[in-house]
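Please take a moment with the sequence and the model before reading on. The paragraphs below go from the interior outwards, and then to a pocket and a loop.

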Amino acid sequence: GTELLPTASTRATWRAVRALLHPHRLLACGAAATLLGGTAAGLLVPPILGHIVDLVLDHRGPGSITAPIGWLLLAALAQSALSAVADMLVAKRVETMLATRRERVVERALDLPLERVEQAGSGDLIARISGDVSVIANAVRSALPVLAGAALTVALTLVGLAALDWRFALAGLLAAPIQLHTLRWYLARSTPVYAAERVAEGARTQQLLDSIGGSDTVRAFGLHRLHVEAVRRRSRAALDYALASNRLSTRFFGRLNLAEFVGLGAILTTGFWLVGGGAVTVGAAAAAALYFHRLFDPINALLG
């Protein structure tokens, strides 16, 4: 029977990642520092906007907002410049890592004994070299920079909320239990589906190779209907798993939207209570709401 090529464990995967990162650790540190600076610059915007709100409510003259608007412009320029440099450093590191990974994959594939390839089927090997490497490349190019930026944004935003008033940070954390429960729910269901999808894609590739590579024999024995049906069945199985993973993803982000509603509602309620008690200004409450609203995309990206 067919014995598919082994799949790496989580520990083996992280070991491979560390080996790839090790030669580029200085570049990685530089990218992280630049990304931290860009994220910090972007987080200056909510408190500045909150300050403008307070100036307007105090009926200050139009000239009073000139300096805050200048600070807003400087913060936006600093965030854009630092983010661009960070993206460049990350891209340089990532593309080098991917090139190394591709070389090792091809070397490993060429070193496999022929009987092992025949045992697994050439379709499984081709799916690993093409499909799996493509998945890794897309994840590293798009997910890695987003993941790093999102993690920094979430951490620094919680610090910013606490700086306004510790109760704002506490209110924002009410969304965390829903988010963590959603993440556990999603991982428990999606991991088997994604793994099965990769196997189904390998089986589909193998069937295509068998049907197309042996087309002369298929025609000679009149087996074309059987092979068309086999290709359809294998393709349908791969499609079903892809649709299942998409449905899980949709439900996942729907539940995260509920967490956003709970967190933002808690921030607004806390702000109303603190402003009424004179503990904070309206501008501070507005800044807290803006801080939490800015977390929607980073948290979704981080958990996703």
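Contact, as the word is used here, means heavy atoms within 4.5 Å. This is a predicted model, in which local features need pLDDT of at least 70 and side-chain atom pairs count only at pLDDT 80 or more, while totals for chains, interfaces and linings use all residues. Residues are numbered from 1 along each chain as its sequence is written, and side-chain values use heavy atoms, with hydrogens and water left out.

A good place to begin is Phe252, which lies in helix H10, residues 224–276; helices here are DSSP runs (H or I, at least four residues), as strands are (E, at least two), and they are numbered from the N terminus. Phe252 is buried, because its relative accessible area is 1%, where buried means under 20%, exposed over 50% and partly exposed in between, with a 1.4 Å probe and protein chains only. Not counting residues up to four places away in sequence, Phe252 touches Thr182, Leu183, Trp185, Tyr186, Leu303 and Gly304. By contrast with these contacts, the C-alpha atoms of Phe252 and Asn138 are separated by 21 Å, and the two residues are 114 residues apart along the chain.

Phe252 also belongs to the largest nonpolar core, which has 29 residues and in which Leu161, Phe168, Phe252, Ile267 and Phe292 have the most contacts. A nonpolar core is a set of buried Ala, Val, Leu, Ile, Met, Phe, Trp, Tyr and Cys residues joined through side-chain atoms within 4.5 Å. At least two residues of this core come from each of H6, H7 (166–172), H8, H10, H11 (282–294) and H12, and H10 gives the most, with eight residues. Another member, Phe292, touches Gly172, Ala175, Glu260, Gly263, Leu264 and Ile267, again not counting residues up to four places away in sequence.

A second, separate core has seven residues, including Val90, Val94, Leu98 and Ala137. Ala137 is found in helix H6 and counts as buried because its relative accessible area is 3%. Beyond residues up to four places away in sequence, Ala137 touches Leu98 and Arg102, and its C-alpha atom is separated by 9.6 Å from that of Met97, which is 40 residues apart along the chain.

Helix H8 spans residues 176–213 and holds Glu201, and Gln179 has its place in H8 as well. Gln179 is buried, with a relative accessible area of 11%, and it touches Leu256, Ala259, Ile299 and Leu303 when residues up to four places away in sequence are not counted. Glu201, at 18% relative accessibility, counts as buried, and its side chain makes a polar contact with the side chain of Arg198 at 2.3 Å. A polar contact is a pair of N or O atoms within 3.5 Å; within protein, one must be able to donate a hydrogen and the other to accept it, and residues adjacent in sequence count only if both atoms are side-chain atoms.

Thr34 offers a further example, in helix H2. Thr34 is buried, with a relative accessible area of 15%, and its side chain reaches the backbone oxygen of Gly30 at 2.8 Å. Leaving aside its neighbours within four places in sequence, Thr34 is in contact with Leu82, Val85, Ala86 and Leu89; the C-alpha atoms of Thr34 and Val85, which are 51 residues apart along the chain, are separated by 7.1 Å.

Which helices each supply at least two residues of the lining of the second largest pocket? They are H2 (25–42), H4 (66–111), H6 (122–164) and H12 (296–303), and the largest share, five residues, comes from H6. A pocket is an open set of points, on a 1 Å grid over the protein atoms alone, where a 1.4 Å probe fits, with protein on both sides within 12 Å along at least five of seven lines, and lining residues have an atom within 4 Å of a point.

The loops complete the picture. Leu295, in the loop between H11 and H12, is buried, with a relative accessible area of 3%, and is in contact with Thr153, Val154 and Thr157, leaving aside its neighbours within four places in sequence. His59, in the loop between H3 (45–57) and H4, is exposed, with a relative accessible area of 72%.
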